[in-house]
Amino acid sequence: MPDRVVPGPVGNAASIREAVSIHTSKIFDCCRDKDCVDELRVYPTLTSQTYLDNAISIRPKAAELLFTNVNVEPVSFNRGYFTVDCTYFYRVTAETFPGGALCRGLAVFDKRVMLFGSEGSVKTFTSESESAIVSQDDLPRAVVGAVDPICLHCALAEPAETPGSDSIVIPDFILEAMGEDLVTGAAGASDPAADPGLRLLPAG
């Protein structure tokens with residue numbers, strides 16, 4: 001096969017292919033996990049909260065991954081390793097009983113992994129460099145591939161029974177994707193109410 005590949009422009013002979021070189025990113029480390037998340041809180045929209053206040057039970061319909069925020073930080077005292085913190089934002093749809101009203105809310109799930117990313121400090125030279133020398137601390141690039149989750153179970157819970165903190169920071173574009181404000185129960189958050197009623201609480 002090497003004798004059929006030659007450098008230079010492609011000739012007329014169909015059996016000869018052009019040999020080119022490319023510059024691509026290296027993959028130093030990777031992982032694949034399947035998580036079963038229990039007691040994941042969902043922040044319902046204002047309209048959905050009114051349906052939840054009058055519901056007896058609720059069943060899941062669908063869950064959609066809206067966005068994943070990825071943050072890479074070096075690990076102290078362990079050179080070459082980095083923590084990759086992923087925050088997943090899910091839009092959950094469920095149906096109330098009685099009434100069959102569709103409720104939507106936002107679920108947030110955090111996950112951390114540690115991967116090897118070689119050295120973080122490199123000298124980079126390109127033809128597009130504005131200065132003669134470009135020397136900077138380059139963090140490795142993390143790529144997250146995820147699929148929409150399967151919501152196995154939903155339950156209604158009183159505010160006092162809801163695990164976790166009421167303090168949450170939601171990006172503006174996520175709020176826009178939800179279509180309306182969310183009931184978070186945090187003062188100064190999307191909903192000014194400090195004590196909303198029932199909460200949607202999917203498990204799984």
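Let me start with cysteine 151, which at 17% relative accessibility counts as buried, in what is, I should say at once, a predicted model. Cysteine 151 takes part in no disulfide, and the nearest cysteine sulfur, which belongs to cysteine 154, is 3.8 Å away; since a disulfide here requires two cysteine sulfur atoms within 2.5 Å, that pair is not counted. A search of the whole structure in fact finds zero disulfides. Cysteine 31 is likewise in no disulfide, its nearest cysteine sulfur being that of cysteine 30, at 7.1 Å, and with a relative accessible area of 44% cysteine 31 is partly exposed.

Let me step back to the overall layout. The protein has two helices and 10 strands, and when it is read along the sequence the pattern is β-β-β-α-β-β-β-β-β-β-α-β. Of its 204 residues, 32% are buried. If we take the contacts between residues at least 6 apart in sequence, 68% of them join residues at least 24 apart.

Turning to the strands, I would begin with S6, residues 102–116, because two pairings described here involve this strand. Strand S5, residues 81–97, pairs with S6 in the antiparallel sense over 15 bridges, and within that pairing aspartate 85 has arginine 112 of S6 as its bridge partner. The hairpin of S5 and S6 has four residues between the strands, and there glycine 99 takes a positive phi near 105°. Strand S3, residues 42–44, also pairs with S6 in the antiparallel sense, over three bridges, with alanine 107 in S6 as the bridge partner of valine 42.

What, then, fills the largest nonpolar core, and which of its residues touch the most other members? That core has 15 residues, and the ones touching the most other members are Leu40, Val84, Tyr88, Tyr90, Val92, Ala107 and Phe109. S4, S5 and S6 each supply at least two residues of this core, and S5 gives the most, with six residues. Apart from this core lies another, of nine residues, among them Tyr43, Ile170, Ile174 and Met178. To look at one member of the largest core in detail, valine 84 touches Val70, Asn71, Val72, Lys111, Arg112, Val113, Leu115 and Ala142, once residues up to four places away in sequence are left out.

Now to the aromatic rings. A pair of aromatic rings is described by the distance of the centres and the angle of the planes. The count comes to six aromatic pairs. In one of them, the rings of phenylalanine 67 and phenylalanine 173 have their centres 5.0 Å apart and their planes at 90°, so this pair is edge-to-face. Because phenylalanine 67 lies in strand S4, residues 57–74, and phenylalanine 173 in helix H2, residues 172–178, the pair ties together parts that are 106 residues apart in sequence. Phenylalanine 67 is partly exposed, at a relative accessible area of 31%, and phenylalanine 173, at 43%, counts as partly exposed too.

Tyrosine 88 and tyrosine 90 form an aromatic pair that is stacked, with 6.2 Å from centre to centre and 10° between the planes. Are these tyrosines buried or exposed? Tyrosine 88 is buried, with a relative accessible area of 9%, and tyrosine 90, at 11%, counts as buried as well. Ring pairs also link Phe28, Tyr81 and Phe116 into a cluster.

Two smaller items remain. In helix H1, residues 46–53, the residues Ser48, Gln49 and Leu52 are buried. Why do they lie on the same side of H1? They cover an arc of only 105° around the axis, and that puts them on the same side of the helix. As general background, an α-helix has 3.6 residues a turn, so residues three or four places apart point the same way.

Finally, alanine 62 lies in strand S4 and is partly exposed, with a relative accessible area of 40%. Leaving aside its neighbours within four places in sequence, alanine 62 is in contact with Arg91, Val92 and Thr93. The C-alpha atoms of alanine 62 and leucine 152, which are 90 residues apart along the chain, are separated by 9.4 Å.

Terms used. Residues numbered from 1 in each chain as written. Predicted model: local features only at pLDDT ≥ 70, side-chain atom pairs only at ≥ 80, totals over all residues. Heavy atoms only, no water. Pairing = 2+ DSSP bridges. Phe/Tyr/Trp six-rings, centres within 6.5 Å; stacked < 30°, edge-to-face > 60°. Buried < 20%, exposed > 50% of the residue type's maximum accessible area, 1.4 Å probe, protein only. Core = buried A, V, L, I, M, F, W, Y, C linked by side-chain atoms within 4.5 Å. Contact = heavy atoms within 4.5 Å. Arc of directions from axis to C-beta.
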